[in-house]
Amino acid sequence: PIIDCQKARGKELFGQYESYFSQTGESPLAYEVCFSTLDDTAKDCCSKVLEQGSKLWLNTLWGSLCGGYDDDAAFGSADPGEVYGVILGLGASIIQTDRPQLLISWLEKQNRR
């Protein structure tokens with residue numbers, strides 16, 4: 001599922017999945033979590049996804065999907081880790097990117113690939 005954790009419909013949908021998980025112990029393989037700003041709501045949602053045993057998918061194509069920690073910000077930064085480090089710090093194991101070589105190079109330097 002794709003969850004925009006800061007919008008009413010996204011919160012409602014995530015709540016339905018949380019309820020299902022608490023009743024059955026089953027959770028989706030992964031959630032794509034979107035957020036316009038990296039606030040406590042976004043951090044909490046990411047944590048809950050991981051607590052369920054699901055993988056966290058973050059989309060870095062546009063800043064509106066990942067709180068401004070996007071591929072263009074990483075490309076324009078002297079250190080892409082200022083962007084991708086935040087994404088990994090949230091627990092992402094799936095990153096949707098327009099700049100695969102930039103991300104892969106940075107991950108390799110961090111011994112994370």
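In the next few minutes I will talk about one helix packing and about the aromatic rings in this structure. Please keep in mind that what we are looking at is a predicted model.

Let me begin with the two helices, α4, which covers residues 81-89, and α5, which covers residues 100-109; they pack at an angle of about 75°, and their axes are 11 Å apart. That angle makes α4 roughly perpendicular to α5. On the α4 side the contact is made by Gly 81, Tyr 84, Gly 85 and Leu 88, while α5 contributes Leu 102, Leu 103, Trp 106 and Leu 107. Sorted by class, this contact has six nonpolar and two polar residues, with no charged ones.

Turning to the rings, the count comes to three aromatic pairs. In one of them, Tyr 17 and Tyr 31, the ring centres are 5.7 Å apart and the planes stand at 80°, so the pair is edge-to-face. Tyr 17 belongs to helix α1 and Tyr 31 to strand β2, so this pair ties together parts that lie 14 residues apart in sequence. Tyr 17 counts as partly exposed, at 30% relative accessibility, whereas Tyr 31 is buried, with a relative accessible area of 0%.

Another pair brings us back to the helices, since Tyr 84 and Trp 106 form a tilted aromatic pair, at 6.3 Å centre to centre and with 45° between the planes. This pair links helix α4 to helix α5 across 22 residues, and both Tyr 84 and Trp 106 are buried.

Ring pairs also link Phe 14, Tyr 17 and Tyr 31 into a cluster. Finally, Arg 99 lies over the face of Phe 75, at 4.0 Å from the ring centre.

Terms used. Residues numbered from 1 in each chain as written. Predicted model: local features only at pLDDT ≥ 70, side-chain atom pairs only at ≥ 80, totals over all residues. Heavy atoms only, no water. Axes fitted to C-alpha atoms, helices over the stretch in contact; angles between N-to-C directions. Helix = DSSP H or I, 4+ residues; strand = E, 2+ residues; numbered from the N terminus. Parallel < 35°, antiparallel > 145°, perpendicular 65-115°, else oblique. Contact = heavy atoms within 4.5 Å. Nonpolar A, V, L, I, M, F, W, Y, C, P; charged D, E, K, R; others polar. Phe/Tyr/Trp six-rings, centres within 6.5 Å; stacked < 30°, edge-to-face > 60°. Buried < 20%, exposed > 50% of the residue type's maximum accessible area, 1.4 Å probe, protein only. Lys NZ or Arg CZ within 6 Å of the ring centre and 35° of its normal.
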